[in-house]
Amino acid sequence: PHAFGFSAWGLYVFYLVELYTVRVNRLPLGEMVKEALAGAHPPLYHLLGRVWFAPGGGEVWARALSGLLGVLAVYLTFLTGRDLLSRRAGLWAALFTALSPLMVMYSRVTTFYSLLLTLTVLSFYMLVRAAKGGGRWFWIGYAAATVAVFLTYFYAVTVPLAGLAAFWFLRPGA
């Protein structure tokens, strides 16, 4: 279990960006938030990482957070496709998501991208459920997921814009 550096075979265990994530998560909380903001990424992933990395566990444990988030994104994609179109559409969407090279890559590395993708799908799922008359809790869920997207990546302005555009075109009578 290497924290970072070289494995026994002389291969890099972590990519450079992952080393940055591990380093930031080891800083004291105030410095971690300051460093995350200075690095142009809001601190949500680092705050989650702080809790996740606390037990230690090396490379596999550190990357498991992104893997679990990737699996959650595939499941949320299924739910969104099912609720928006049909069960079959949800299954196809989940399959394409699971096999997407970017999804596979982001689910294997210790960076914020897997969290960003998962929160984006969650935001859209909540919007679909709210628009279909799911009640105020889905609207609250949509707002919370969208805020969480912004706490993960400052430049995620396209997430609510895409969601609202979809809402406009998918509304009854459109």
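Start with the ribbon view: this predicted model has nine helices and zero strands. Walking from one end of the sequence to the other, you pass through the pattern α-α-α-α-α-α-α-α-α. Of the 174 residues in the protein, 39% are buried. Turn on a surface and you will be looking at about 10300 Å² of exposed area, with carbon and sulfur atoms supplying 73% of it. The chain also folds back on itself in sequence terms: among contacts with a separation of 6 or more, 56% join residues 24 or more positions apart.

**Stop one: the main core**

Select Y45, L65, L115, L116, L119, V149 and A156. The largest nonpolar core has 14 residues, and these are the members that touch the most other members. Colour by helix and you will see that α3 (44-53), α4 (58-84), α7 and α8 each supply at least two residues of this core. As background, nonpolar side chains in soluble globular proteins tend to be buried together.

Now centre the view on V149. Which residues is V149 in contact with, leaving aside its neighbours within four places in sequence? They are L116, L119, T120, A156 and V159. Then move to a second, separate core of seven residues, where F78, L79, A94 and V121 are among the members.

**Stop two: the aromatic residues**

Next, show the rings. There are seven aromatic pairs in the whole structure. Pick out F112 and Y153, which are stacked, with 5.4 Å from centre to centre and 20 degrees between the planes. This pair links distant parts of the chain, 41 residues apart. You will find F112 in the loop between α6 (101-106) and α7 (113-131), while Y153 sits in the loop between α8 (136-150) and α9 (158-170).

Are the two partners buried or exposed? F112 is buried, at a relative accessible area of 10%, whereas Y153 is partly exposed, at 24%. Keep both selected and add Y106, Y113 and Y155: together, these five residues form one aromatic cluster.

**Stop three: a charged trio**

Select R82, D83 and R129. The structure has two salt bridges, and these three residues are linked in a network of salt bridges. Side chains of opposite charge can pair when their charged atoms come close.

Begin with D83 and R82, whose side chains meet in a salt bridge at 3.0 Å, N to O. D83 counts as buried, at 15% relative accessibility, and R82 counts as partly exposed, at 32%.

Then follow D83 to its other partner, R129, where the closest N and O atoms are 3.5 Å apart. Why does this bridge tie together parts that are 46 residues apart in sequence? Because D83 lies in helix α4 and R129 lies in helix α7. Like R82, R129 counts as partly exposed, with a relative accessibility of 26%.

**Last stop: a nonpolar patch on the surface**

Finally, switch the surface back on and select W92, L95, F96 and L99. These residues make a nonpolar surface patch of about 460 Å². W92 is found in helix α5 (residues 87-99). With a relative accessible area of 46%, W92 is partly exposed.

Notes
Residues are numbered from 1 along each chain as its sequence is written. This is a predicted model: local features need pLDDT of at least 70, side-chain atom pairs count only at pLDDT 80 or more; totals for chains, interfaces and linings use all residues. Side-chain values use heavy atoms; hydrogens and water are left out. Rings of Phe, Tyr and Trp (its six-membered ring) pair if their centres lie within 6.5 Å; planes under 30 degrees apart count as stacked, over 60 as edge-to-face and the rest as tilted. Helices (H or I, at least four residues) and strands (E, at least two) are DSSP runs, numbered from the N terminus. Buried means under 20% relative accessible area, exposed over 50%, partly exposed in between (1.4 Å probe, protein chains only). A nonpolar core is a set of buried Ala, Val, Leu, Ile, Met, Phe, Trp, Tyr and Cys residues joined through side-chain atoms within 4.5 Å. Contact means heavy atoms within 4.5 Å. Patches are made of residues with over 30% relative accessible area and no salt bridge: like charges are joined within 9 Å, nonpolar side chains (Val, Leu, Ile, Met, Phe, Trp, Tyr) within 5 Å. Accessible areas come from the Shrake-Rupley method with a 1.4 Å probe; for residues, only the protein chains shown count as cover. A salt bridge is a side-chain nitrogen of Lys or Arg within 4 Å of a carboxyl oxygen of Asp or Glu.
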